[in-house]
Amino acid sequence: MAESRPRHSPGNRSLPAVLKWRIIELIKTEQWSPRQISGRLGLDGISVSHETIYAIIRRDESGELASHCRHKMKYRRKASRRHETKATNIRNRVSIHQRPAEADGKRFGDWEMDLIVDKDSNAILTLTERSTNFLLMEKLKQGKKAGPVAKAVWRLLLPYKGQGVKSITTDNGSEFAEHEWITKKLNVPVYFADSYCAWQKGAIENANKLIRQYIPKRTDISTVTERKIDKVRKKINARPNTSQSSVCQIFENVNRGGVPLNVFELVTASLAADELNCVKNGSL
């Protein structure tokens, strides 16, 4: 019985050097969070708490490990007060308060979208499926112009039109003024969060913070190549979730018949064609 239990490593000082090296490498090369690392090690029968891993990061006086963390080990308490907005810059805006209760982030097909913008209004469109945190990205050749932004959203989500796209939530930026065109083309409602309530679209805010680990603020986005954006997207989509399975890992399990049909439907709906090719040829 005792032999089947995970091997415990209760404190930083008791960690074997090889294990500590493995943890540090996952932080530096994959930018995984302490919880993700702890979970992955657990699959190998090694029990290391995320608090222990945080302690390793804090004890690194160089600050290098903290620089690979999404929050850089700096936390700010954000107000959760509700500020219902009646924006006038977007024609026929539909408030998030009209979004149905079932679009709570648990069902598949509810998306959030945003832009990452530099000082010259060069931009990257980001879209996240809320239940899986699956990420889509595209560099916008015409910056923040509403028309091209809408066409990029349509192009990225078209493969999943129907059961894979049930709603889209975004902020009140004028770049999303052509939301009615998106609704018409994809047959999907677009909802707008309240002003100064980033937590109402937390999935895409989190995704953007992950992206900023690879494309930091003050980066001239015009110099970021399509290859770089594709690499960042694949790296983020390969991160383990709370079940310690990446989207690609789930797909491989489906091929082996190891998961239920509803998961198969989820994965096939959420994987873009190039992601499927990556799984088949083993490049992810």
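Which residue takes a positive phi just after H2? Gly45 does, with a phi of about 80°. The model is predicted: local features need pLDDT of at least 70 and side-chain atom pairs count only at pLDDT 80 or more, while totals for chains, interfaces and linings use all residues. Residues are numbered from 1 along each chain as its sequence is written, and side-chain values use heavy atoms, with hydrogens and water left out. Helices (H or I, at least four residues) and strands (E, at least two) are DSSP runs, numbered from the N terminus.

In helix H2 (residues 34-43), the buried residues (under 20% relative accessible area, 1.4 Å probe, protein chains only) are Pro34, Gln36, Ile37, Ser38, Arg40 and Leu41.

An open sheet of five strands, with mixed pairing, follows the order E5-E4-E3-E6-E7; two strands pair if DSSP finds at least two bridges between them. Strand E5 (134-140) and strand E7 (190-192) are the edge strands, each pairing on one side only. Strand E3 (residues 110-117) and strand E6 (residues 167-170) run parallel and are joined by three bridges. Trp111 stands opposite Ile168 in E6. H6 packs on the sheet and touches E3, E6 and E7, contact being heavy atoms within 4.5 Å.

Helix H5 (residues 146-157) packs against helix H6 (residues 179-186) at an angle of about 25° (from 0 to 180 degrees between N-to-C directions), with the axes, lines fitted to C-alpha atoms over the stretch in contact, 9 Å apart. H5 and H6 are therefore roughly parallel (under 35 degrees). Ala150, Lys151, Val153, Trp154 and Leu157 in H5 meet Trp181, Ile182, Lys185 and Leu186 in H6.

Note on methods
Parallel < 35°, antiparallel > 145°, perpendicular 65-115°, else oblique. Buried < 20%, exposed > 50% of the residue type's maximum accessible area, 1.4 Å probe, protein only.
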